[in-house]
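Open the model in your viewer and keep the selection box handy. We will go from stop to stop, choosing a few residues each time and looking at what is there.

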Amino acid sequence: EWRYGEIVQEYVPKIIYLEGIDALDILLCPLLEDAIVHNLSDPEDPDYSWVWRPKIESEERAHQPRDFLITALLEAVERLADQNSGVLPEIIDLLEGQDPPRSIFRRVILHLMRKYPEEAWDKCVEYALDPELLGDRRTWHEYALFLEEVFPLLDEEARDELIEDILDGPNLSSDAVDELTEDEVQKLIENWKLRRLSLIEEHLAGSGTEEYDALTEKHGRYPNPAEPEHGVSSGWVGPTSPKSEEELDSLHPKEVIDYLRNWEPPQEWRSPTPEGLGRALRSVVSQDPQSFSNLSDHFRELDPTYISSFI
């Protein structure tokens, strides 16, 4: 894997220099798709990139081909945009057209538009006002950083539309809140609004300012609203595991690691969380520490929650 990373780092920039945007279509995007599928039990599954690459601009946990290729893709699109800003809409169209669509490509687009908003302004407005992105934890970090940059540039009508969408609150299904009390549901909604209003607090006006002031007075300021959303739901509900300790203990340690790698926390409230699964893992590892210790390297690619539980 290290040698592969060295090859990517040395040769991909030269290929980008020679082939330009065609290299994205012919080489980088297909390679990245292959690297992602290699780590999935089912090619139709989501890419889970928000778990193993929480911040797309950070290589803190990068050690697999998919990580090297994402870094190469980011550097390539930025280099192409620097050389010719007019190519940005074409790059966005190419990334949007990937089949199957992956969260990672949308995150690259958001990262790119944050750095070069004026070069694809129509797309920037479209993405800023997308209700799906406003509530999608898979792309939250990149969308939040993007919104902080772009919101001040929006016209008054677009700003008002976005603020109104935030004030309307999250779209919670009846199943998601069925077991919650009325006070718990209200707290979830207020937290959701506070996080999003915190990103644009300096540019709020009217009802947006009134709502934000009321929420901060009640809950205080929201710390680090642009941080990745992976696992934050556990702050509001008790951590539960998708598998019991007995079920995990019945698996071979390698099967346990595969499950940790591929399991995706549901987005519904009161659903199992990584913290809950980590608790079950901690108990199972403590019963057979040697077997898991022999596989310790495999934990590097997992969510930090599981690494902490393993240790």
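Select Arg 261 and Glu 301 to begin: in this predicted model, the two form a salt bridge, with their closest N and O atoms 2.2 Å apart. Arg 261 sits in helix H15, while Glu 301 belongs to the loop between helix H17 (289-293) and helix H18 (304-310), so the pair ties together parts that are 40 residues apart in sequence. Are these two residues buried or exposed? Both Arg 261 and Glu 301 are buried.

Keep Arg 261 and add Asp 258. These two also form a salt bridge, and here the closest N and O atoms are 2.6 Å apart. Asp 258 and Arg 261 are three residues apart in helix H15 (residues 253-262), so about one helical turn separates them. Asp 258 has a relative accessibility of 36%, which means that it counts as partly exposed.

**More charged pairs**

How many salt bridges does the structure hold? The count is 17. Side chains of opposite charge can pair when their charged atoms come close.

For another example, select Arg 107 and Glu 142, whose side chains meet in a salt bridge at 2.8 Å, N to O. Arg 107 is part of helix H6 (residues 103-115) and Glu 142 is part of helix H9 (residues 140-150), so this pair ties together parts that are 35 residues apart in sequence. Arg 107 is buried, and Glu 142 is buried too.

Then pick Glu 96, Lys 123 and Glu 126 together: a network of salt bridges links them.

**Around Ser 49**

Stay with Arg 107 for a moment and add Ser 49, which is in contact with Arg 107. Other contacts of Ser 49, leaving aside neighbours within four places in sequence, are Pro 54, Ser 103 and Ile 104. You will find Ser 49 in helix H3 (residues 49-52). Its relative accessibility is 0%, so Ser 49 counts as buried.

Now step back to Tyr 48, in the loop between H2 and H3. Tyr 48 is buried as well, with a relative accessible area of 7%. Look at its backbone: phi is near 55°, a positive value in a residue other than glycine.

**Two more backbone stops**

Most residues other than glycine have a negative phi, and most peptide bonds are trans. Asn 224 is another place to check, since its phi is positive, about 50°, although Asn 224 is not a glycine. Asn 224 lies in the loop between helix H13 (207-219) and helix H14 (245-249), and it is exposed, with a relative accessible area of 55%.

Next, go to Asp 99 and Pro 100, which are joined by a cis peptide bond with omega at about 0°. Pro 100 is in the loop between helix H5 (88-96) and H6.

**Helices side by side**

Two packed helices are described by the angle between their axes and the distance between the axes. Colour helix H1 (residues 2-19) and helix H2 (residues 22-38): their axes come within 9 Å and cross at roughly 160°. H1 and H2 are therefore roughly antiparallel to each other. Show side chains at the contact, including Tyr 4, Val 12 and Ile 15 of H1 and Leu 24, Leu 27 and Leu 31 of H2. By class, this contact of H1 with H2 has nine nonpolar, no polar and two charged residues.

For a second pair, colour helix H10 (residues 156-168) and helix H12 (residues 182-199). Their axes are 8 Å apart and pack at an angle of about 155°, so H10 and H12 are roughly antiparallel to each other. Here Asp 165, Ile 166, Leu 167 and Asp 168 of H10 meet Trp 192, Lys 193, Arg 196 and Leu 197 of H12. This contact of H10 with H12 divides into four nonpolar, no polar and four charged residues.

**Into the core**

In soluble globular proteins, nonpolar side chains tend to be buried together. The largest nonpolar core here has 71 residues, and Leu 24, Leu 28, Leu 73, Ile 91, Leu 95, Tyr 143 and Phe 146 touch the most other members. Which helix gives the largest share of this core? Helix H4 (residues 65-83) does, with nine residues.

Select Ile 91 to see part of the packing: beyond its neighbours within four places in sequence, Ile 91 is in contact with Ile 21, Leu 24, Val 77, Leu 80 and Leu 112. For the final stop, find another core that lies apart from the largest one; it has 16 residues, among them Val 256, Leu 295, Phe 299 and Tyr 306.

Terms used:
Residues numbered from 1 in each chain as written. Predicted model: local features only at pLDDT ≥ 70, side-chain atom pairs only at ≥ 80, totals over all residues. Heavy atoms only, no water. Axes fitted to C-alpha atoms, helices over the stretch in contact; angles between N-to-C directions. Helix = DSSP H or I, 4+ residues; strand = E, 2+ residues; numbered from the N terminus. Parallel < 35°, antiparallel > 145°, perpendicular 65-115°, else oblique. Contact = heavy atoms within 4.5 Å. Nonpolar A, V, L, I, M, F, W, Y, C, P; charged D, E, K, R; others polar. Core = buried A, V, L, I, M, F, W, Y, C linked by side-chain atoms within 4.5 Å. Buried < 20%, exposed > 50% of the residue type's maximum accessible area, 1.4 Å probe, protein only. Salt bridge = Lys/Arg side-chain N within 4 Å of Asp/Glu carboxyl O.
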